[in-house]
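Please open the model in your viewer and keep the selection panel handy. We will go from the whole chain down to single residues, one stop at a time.

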Amino acid sequence: MEARLSVGEELDLGTAGRSAGDQFVFGGDLTSTEGGEEHVVGSIGGFCVTTDLERNAGQCASTAVLPEGQITVQGRQAGIPVPGPVVNAVTGGTGAFRRAHGQVTQRVLTPATWQLTFRLLDVRPYRPEDGRGPDEAPRPVRPSLPGK
C-alpha cells in the first residue's frame, strides 16, 4: 500500500527555526496496485512532533482510514519530515481492526509517496449492521421463570 500525500506542512512552533515542539502534519490517500491497477483504498493523516534536534527525530502518530475500519499507528521516527525506513507500532483500530495489533514498516519513496507495509494480528470480520464481529454475536439466554 502507498500513501500519496496531498498535505505535508512543517509548522515552526515556539522558538524561531528548528526547535523542540515543531510539528510536521500530513495527510493524503492510501492507494493499492492489487489487480495491476492503482486505486484509492482509503486515506491517512497524522503528525510528528520534534523531540530530538540532534537526530531530527520525534514522536509520530497517524491513522489509516479504510472501508473496514481505522488503524492507528504510533512511534519514533528520525529524519522528519522525510524519515528513513522505520517500523512503528499498530496501537489499535476500529471495525475489522478493533483488536488489531502489530506493526507497520514505512519507507519513503519520494517526499510525497510512502510505501506502507502493515503486519497485523487479530483482525476479524466486522458486521457494520450491528457493530459486532462474529465472536460477539448475542448468545441465546435461557428464560428465567419466576419462583423457580
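Start with the whole chain selected. Of its 148 residues, 30% are buried. Keep in mind that this is a predicted model. If you display the surface, the chain exposes about 8900 Å², and carbon and sulfur atoms supply 53% of that area. Among the contacts with a sequence separation of 6 or more, 36% are between residues 24 or more positions apart.

**Stop 1: the strands**

Switch to a cartoon view and colour by secondary structure. You will find eight strands and zero helices, so to speak an uninterrupted β-β-β-β-β-β-β-β pattern along the sequence. Now turn the model to follow the strand order: a closed barrel runs β1-β2-β3-β4-β5-β6-β7-β8, with antiparallel pairing. From one strand to the next, the twist averages 30°. As general background, strands of a sheet pair through backbone hydrogen bonds, either parallel or antiparallel.

**Stop 2: one strand pair**

Select residues 23-32, which form strand β2, together with residues 39-52, which form strand β3. How many bridges join β2 to β3? There are 10, and the two strands run antiparallel. Within this pair, pick Gly27 and look across to β3, where Gly45 stands opposite.

**Stop 3: the disulfide**

Stay on β3 and show the side chain of Cys48, then add Cys60. A disulfide joins these two cysteines, with an S to S distance of 2.1 Å. A search of the whole structure finds one disulfide. The torsion about the S-S bond of Cys48 and Cys60 is about 115°, so the disulfide is right-handed. Cys48 belongs to strand β3 and Cys60 to strand β4 (residues 57-66), so the pair ties together parts that are 12 residues apart in sequence. Are these cysteines buried or exposed? Both Cys48 and Cys60 are buried.

**Stop 4: the nonpolar core**

Next, select Leu30 and Ile71 and show their side chains. The largest nonpolar core has 19 residues, and Leu30 and Ile71 touch the most other members. At least two residues of this core come from each of β1 (2-11), β2, β3, β4, β5 and β8. For context, nonpolar side chains in soluble globular proteins tend to be buried together.

**Stop 5: a cis peptide bond**

Move to the loop between β5 (69-78) and β6 (86-93), where Pro81 is placed. Select Ile80 along with Pro81 and check the backbone between them: the peptide bond is cis, with omega about 10°.

**Stop 6: two positive phi values**

Finish with two backbone torsions. Asn56 sits in the loop between β3 and β4. What is the phi of Asn56? Its value is near 50°, which is positive in a residue other than glycine. With a relative accessible area of 23%, Asn56 is partly exposed.

The second residue to pick is Asp122, in the segment after β8 (113-121). Asp122 is not a glycine either, yet its phi is positive, at about 65°. Asp122 is partly exposed, and its relative accessible area is 31%.

For a last view, zoom out and show these selections together on the closed barrel of eight strands: the disulfide between Cys48 and Cys60, the cis bond joining Ile80 and Pro81, and the positive phi values at Asn56 and Asp122.

Definitions and conventions
Residues are numbered from 1 along each chain as its sequence is written. This is a predicted model: local features need pLDDT of at least 70, side-chain atom pairs count only at pLDDT 80 or more; totals for chains, interfaces and linings use all residues. Side-chain values use heavy atoms; hydrogens and water are left out. Helices (H or I, at least four residues) and strands (E, at least two) are DSSP runs, numbered from the N terminus. Buried means under 20% relative accessible area, exposed over 50%, partly exposed in between (1.4 Å probe, protein chains only). Contact means heavy atoms within 4.5 Å. Accessible areas come from the Shrake-Rupley method with a 1.4 Å probe; for residues, only the protein chains shown count as cover. A disulfide is a pair of cysteine sulfur atoms within 2.5 Å. Two strands pair if DSSP finds at least two bridges between them. Axes are lines fitted to C-alpha atoms, for helices over the stretch in contact, and angles run from 0 to 180 degrees between N-to-C directions. A nonpolar core is a set of buried Ala, Val, Leu, Ile, Met, Phe, Trp, Tyr and Cys residues joined through side-chain atoms within 4.5 Å.
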